[in-house]
Number of protein chains: 2
Amino acid sequence: MQARSGDIEDNAALPVMAPVMVLVRPQMGENIGASARAMLNFGLDRMRLVAPRDGWPNPRAVAMASGASPVLERAGVFDDLPAAVADCDWVLATTARGRGLSKPVLTPERAMEQARALGAAGKRVAVLFGPERAGLENDDVARANAIVTVPVNPAFYSLNLAQCVLLLAYEWERQGAEVPPEVEELAGTDLAGHVEVTRLGDHAEERLAAAGFFFPEAKAAGMKRNLRNMWARLRLTRADVQMLHGMLRKLGRGAGE
Amino acid sequence: MQARSGDIEDNAALPVMAPVMVLVRPQMGENIGASARAMLNFGLDRMRLVAPRDGWPNPRAVAMASGASPVLERAGVFDDLPAAVADCDWVLATTARGRGLSKPVLTPERAMEQARALGAAGKRVAVLFGPERAGLENDDVARANAIVTVPVNPAFYSLNLAQCVLLLAYEWERQGAEVPPEVEELAGTDLAGHVEVTRLGDHAEERLAAAGFFFPEAKAAGMKRNLRNMWARLRLTRADVQMLHGMLRKLGRGAGE
């Protein structure tokens with residue numbers, strides 16, 4: 001990928017970190033290959049795959065990718081979504097519809113504006129794309145910091161996986177053509193990484209389980225998902241995460257230890 | 001060719017006139033159908049065809065178009081490009097590369113900005129797309145007022161016909177979003193009010209104080225301020241606040257009660 005020195009303000013030596021495109025449980029190899037092409041059209045070359053249905057490597061993906069096959073060769077393959085985004089600082093979930101998950105819903109434009117600002121600050125952004133047929137599950141979306149929805153005609157929606165990847169990649173490129181607009185204070189914030197937030201969620205869940213919070217049993221899974229969703233959405237800083245761990249330790253002592 | 005009385009009105013109440021997408025000598029019916037779908041995703045439904053290779057109508061186009069087949073049914077079919085754009089006020093030619101034709105070369109963004117402005121003034125804009133294999137010929141491009149080039153990776157270009165249509169249609173839609181979307185549009189979120197967040201802060205402080213969290217004494221004031229600051233910053237929903245109260249009650253029981 002070419003250098004983007006024009007975008008960099010704080011540190012002239014650092015390139016903007018480009019987003020990682022994460023295909024979650026993709027079904028058809030052809031669509032994986034087409035997504036690689038869509039990405040490379042706009043200079044994105046970092047793909048990750050979560051549990052591709054037909055295994056990996058996939059000759060159909062390679063055949064379809066054609067000149068973009070280096071993207072596939074470099075792709076990371078993971079068993080589950082948490083592992084795939086473990087090193088990411090900001091996770092965006094593409095979905096066709098709102099999910100009632102109380103999470104910011106962004107246009108591709110705003111999402112890539114954020115991604116530019118975060119990338120310029122050296123943060124790693126992941127964009128999640130669901131399986132062809134059904135899209136991301138609520139449990140996947142719950143792990144994301146925000147939702148991206150392409151503003152399609154409400155009467156007609158027919159974007160396929162690679163087209164969705166294409167539009168996000170195009171927006172990434174388009175945003176880079178000019179000086180990226182400031183996106184709130186996000187770039188300067190020392191946001192907690194995905195792993196830190198996940199660990200906080202684990203810790204909270206553990207303490208709460210010991211305290212009997214997840215009751216009744218039938219509601220436990222939903223309560224845990226709500227809780228995960230909340231942690232992911234809050235844009236916690238590293239300092240927040242430390243403080244919350246401290247709180248959990250102090251408060252949970254009576255109940256859990 | 002069908003009558004176009006619906007398009008031609010000088011009425012001030014008219015909506016912005018949407019561009020006509022003109023496929024010039026398209027080869028595969030499937031690509032015509034896929035282009036119709038790409039258009040309709042973003043509300044564009046006026047297609048014209050110039051000398052489609054396999055004649056017209058084309059069952060493969062209809063099969064691929066699926067729910068977008070009304071776009072094909074309404075498509076005008078012309079023998080040559082001059083006839084297809086005879087009633088147009090502004091013609092844009094999509095090409096992958098400059099042609100040395102001394103013509104303005106626009107990004108999709110600028111091109112659709114122009115199209116919006118012209119359409120608002122009741123002008124008819126045509127966007128030309130060339131045949132799959134070779135793209136528009138220089139004679140076609142010579143008839144256009146300006147060139148549109150998608151800013152792809154110079155080292156890798158693999159946009160197909162329908163993808164190119166998709167990107168232009170997307171830009172049309174994006175430019176038309178009346179008010180630029182809010183950066184943080186919390187879809188359907190019931191944010192907690194200030195008083196609710198304050199009460200949560202009080203509750204947390206009380207439980208934490210009972211658990212000996214604010215230690216040492218000299219740092220207590222700063223710790224409390226950080227905590228208040230965090231609650232205020234997190235954009236908590238009503239549901240979050242309830243959940244956090246519940247957590248504090250459960251966890252704090254051992255220490256505080």
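**Notes on pockets, a cavity, one asparagine and the cysteines**

1. In this predicted model, the lining of the largest pocket is made up of 20 nonpolar, 13 polar and 8 charged residues. The volume of this largest pocket is about 1000 Å³, and among the 41 residues that line the pocket, those closest to its centre are A:Leu159, A:Asn160, A:Leu161, A:Ala162 and A:Gln163. Both chains take part in the lining, since at least two residues each are supplied by helix H1 (29–41) and H7 of chain A, and likewise by helix H1 (29–41) and helix H7 (161–176) of chain B.

2. The second largest pocket holds about 330 Å³ of space, and 22 residues line this pocket, of which B:Thr94, B:Ala96, B:Pro131, B:Gly135 and B:Tyr157 are the closest to its centre. Which element gives the largest share of this lining? That share comes from H7(B), with 3 residues. Sorted by class, the lining of the second largest pocket contains 12 nonpolar, 6 polar and 4 charged residues.

3. Turning to enclosed space, a search of the whole structure gives 5 cavities of 30 Å³ or more, and the largest cavity has a volume of about 190 Å³. The lining of this largest cavity has 17 residues, and those that lie nearest its centre are A:Arg143, A:His194, A:Val197, A:Trp231 and A:Ala232. Two elements of chain A, helix H8 (194–210) and helix H9 (217–233), are the ones that give two or more residues to the lining, and H8(A) gives the most, with 4 residues. By class, the residues lining the largest cavity divide into 8 nonpolar, 5 polar and 4 charged.

4. A:Asn153 deserves a separate look, and a student may wish to find this residue in the loop of chain A between strand E7 (146–148) and helix H7 (161–176). Is A:Asn153 buried or exposed? Its relative accessibility is 17%, and because buried means under 20%, A:Asn153 counts as buried.

5. The side chain of A:Asn153 reaches two backbone atoms, one in each chain: within chain A, the backbone nitrogen of A:Ala155 lies at 2.9 Å, and across in chain B, the backbone oxygen of B:Leu40 lies at 2.9 Å. If residues up to four places away in sequence are left out of the count, A:Asn153 touches B:Leu40, B:Asn41, B:Phe42 and B:Gly43, so that B:Leu40 appears both as a polar partner and in this list of neighbours.

6. How many disulfides does a search of the whole structure find? Over all chains, the search finds 0 disulfides. A disulfide is a covalent bond that joins the sulfur atoms of two cysteines, and a pair is counted here if the two sulfur atoms lie within 2.5 Å. For A:Cys88, the closest cysteine sulfur belongs to A:Cys164 and is 18 Å away, so the two are too far apart for a bond. In chain B, the sulfur of B:Cys88 has its closest cysteine sulfur in B:Cys164, and because that distance is 18 Å, this pair is also too far apart for a bond.

7. As for the surroundings of these two cysteines, A:Cys88 has a relative accessible area of 1% and is therefore buried. B:Cys88 has a relative accessible area of 14%, and this residue too counts as buried, because the cut-off for buried is under 20%.

Terms used: Residues are numbered from 1 along each chain as its sequence is written. Chains are lettered from A and ligands numbered from 1 in the order in which they are written. This is a predicted model: local features need pLDDT of at least 70, side-chain atom pairs count only at pLDDT 80 or more; totals for chains, interfaces and linings use all residues. Side-chain values use heavy atoms; hydrogens and water are left out. Buried means under 20% relative accessible area, exposed over 50%, partly exposed in between (1.4 Å probe, protein chains only). A polar contact is a pair of N or O atoms within 3.5 Å; within protein, one must be able to donate a hydrogen and the other to accept it, and residues adjacent in sequence count only if both atoms are side-chain atoms. Contact means heavy atoms within 4.5 Å. On a 1 Å grid over the protein atoms alone, a cavity is a set of points where a 1.4 Å probe fits but cannot get out, and a pocket is an open set with protein on both sides within 12 Å along at least five of seven lines; lining residues have an atom within 4 Å of a point. Grid points are joined across faces, edges and corners, and a volume is the space filled by probe spheres set on the points. Ala, Val, Leu, Ile, Met, Phe, Trp, Tyr, Cys and Pro count as nonpolar, Asp, Glu, Lys and Arg as charged, and the others, Gly among them, as polar.
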